[in-house]
Amino acid sequence: MFLKNDWYMAAWAAEVGSAPVARRICNEPMVLYRDAAGSLAALQDRCCHRGVALSLGKVIEEGIQCGYHGIVFDAKGQCVHIPGQDRIPAKAVVHYYAVHERDSIVWVWMGNPDEADLSLIVDYPYHGDVKNWPHREGLIPVKCNYEMLIDNIMDLTHLPYVHTKTIGGGTPTNVHSKAVMKTERMPRGVKYSRWLLDSVPPPTYAKAIDFPGKIDRWQEEELLTPSVIIQFTGGVDTSQRPRETGNREGGFGMRVLHCIVPETETSCHYFFSVSNGFGQDDPANTDLVYDQVYPTLLEDKVFCENQQAIATEFPDENFVDIRSDEARILYHQHLDERLANEKKLAKRDAAVSA
Ligand code: FES
Ligand SMILES: [Fe+2]
């Protein structure tokens, strides 16, 4: 079950041009495209004539033209042309989605497009701050329920086991398990900070900076349900005592945006961007950080896909929670509350209109 009344990332803005892009979001097939003026459109990827995917068609001046018999639909799904006839049947429409581009991201609202609330789009200004936070973007298809991948980030005690070659290596596992955690419920989700004090720089950090000794590392994650996680992580020399002084100058820092978007009940789109906070003048440094993060996320993919396969095989088995699950548990409480609320409102609306 997915929340409908919110925005989900549907694509990177650079992915969507005049060629139709097919994408399934929350188990709904949609086609995304831009018209000649660059405006975005998102329609259900199903022609109402014989039901083929509109993404097999092409974008023309009036809208998107179905590739099968040439019917044309505008950005609101209204049929505007039928080859060989003037009369357009009233039912010749396809569902459209509210769509909006911001911070290099294409967002779609999965609920009623008339109720789309632009104020709920998560701001991510770092994408536009190329001087301080040059970034690169990526997309990994993952065959697991999207909640499993969010769970993965809500419990970072997996780092020294899964990511030994990049962000989890170097430091003994007990430094990770004894990290100083602060977890908070937020109006739109969960936020936590995690400090790894007096740590050996992990391989990723050591590749970026020649640290003379140990570092204090911070990991800050803010989850905004249903599907966005804003991450800021880094480390500086322990002598700076960044946790007490707030001094995070120098050293290593990166911001990672995770948009973990349901495709089906058992698959998701893992959109991510890596914004580099050291040596920003040299694009090679941004490449270095990206080339560390990307394989790290592929390691998460292995574990989450395995978890999904086993969950499919044992659908009735439960899980056992441990201390490190705190943020993950708060996430599920928050999501469950939102889902229940949405269900209640839908029921009320149905009763009113009955
Ligand atoms: S199926 Fe689209 S025009 Fe016939
Ligand atoms: Fe991970």
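The paragraphs below lead through a predicted model, from its metal site to a cavity, a helix and a strand residue.

The iron ion (ligand 2) offers a starting point. Its coordinating atoms are NE2 of His158, NE2 of His163 and two OD atoms of Asp300, at 2.1 to 2.4 Å. Along the chain, these donors follow the spacing H-x4-H-x136-D. The pair His158 and Asp300 therefore links distant parts of the chain, since H-x4-H-x136-D is the pattern and the two residues lie 142 residues apart. His158 belongs to the loop between helix 1 and helix 2 (159–162), whereas Asp300 belongs to helix 6 (residues 283–313). Both His158 and Asp300 are buried. What is the arrangement of the four donor atoms around the iron ion (ligand 2)? The angles they subtend run from 57 to 146°, and for this reason the arrangement is irregular. A tetrahedral arrangement would need all angles to lie between 85 and 135 degrees.

Helix 6 appears again when the cavities are considered. The model has two cavities of 30 Å³ or more, and the largest has a volume of about 210 Å³. This largest cavity is lined by 21 residues, of which Ile167, Gln231, His258, Thr296 and Leu297 are the closest to its centre. Which elements give two or more residues to this lining? They are helix 1, strand 14, strand 15 (228–237), strand 16 (252–264) and helix 6. Helix 6 gives the most, with four residues.

Helix 7 (residues 326–353) allows a simple check of geometry. At 1.5 Å a residue, its 28 residues should span 40 Å; the end C-alpha atoms are 41 Å apart, which agrees. The buried residues of helix 7 are Ala327, Arg328, Leu330, Tyr331, His332, His334, Leu335, Leu339 and Glu342. In an α-helix there are 3.6 residues a turn, so residues three or four places apart point the same way. The cover over the buried residues of helix 7 includes helix 1 (146–154), strand 12 (180–186), strand 13 (189–199) and strand 14 (215–224).

The last stop is Lys58, which lies in strand 5 (residues 58–60). Leaving aside residues up to four places away in sequence, Lys58 touches Pro20, Gly63, Ile64 and Gln65. How far apart are the C-alpha atoms of Lys58 and His69? They are separated by 12 Å, and the two residues are eleven residues apart along the chain.

Methods
Residues are numbered from 1 along each chain as its sequence is written. Chains are lettered from A and ligands numbered from 1 in the order in which they are written. This is a predicted model: local features need pLDDT of at least 70, side-chain atom pairs count only at pLDDT 80 or more; totals for chains, interfaces and linings use all residues. Side-chain values use heavy atoms; hydrogens and water are left out. The expected span of a helix is 1.5 Å times one less than its number of residues. Buried means under 20% relative accessible area, exposed over 50%, partly exposed in between (1.4 Å probe, protein chains only). Contact means heavy atoms within 4.5 Å. Donors are N, O and S atoms within 2.8 Å of the metal (3.2 Å for Na, K and Ca); water is not among the atoms, so sites may look incomplete. Four donors count as tetrahedral if all angles lie between 85 and 135 degrees; four count as square planar and six as octahedral if opposite donors are over 155 degrees apart and all others between 65 and 115; anything else is irregular. On a 1 Å grid over the protein atoms alone, a cavity is a set of points where a 1.4 Å probe fits but cannot get out, and a pocket is an open set with protein on both sides within 12 Å along at least five of seven lines; lining residues have an atom within 4 Å of a point. Grid points are joined across faces, edges and corners, and a volume is the space filled by probe spheres set on the points.
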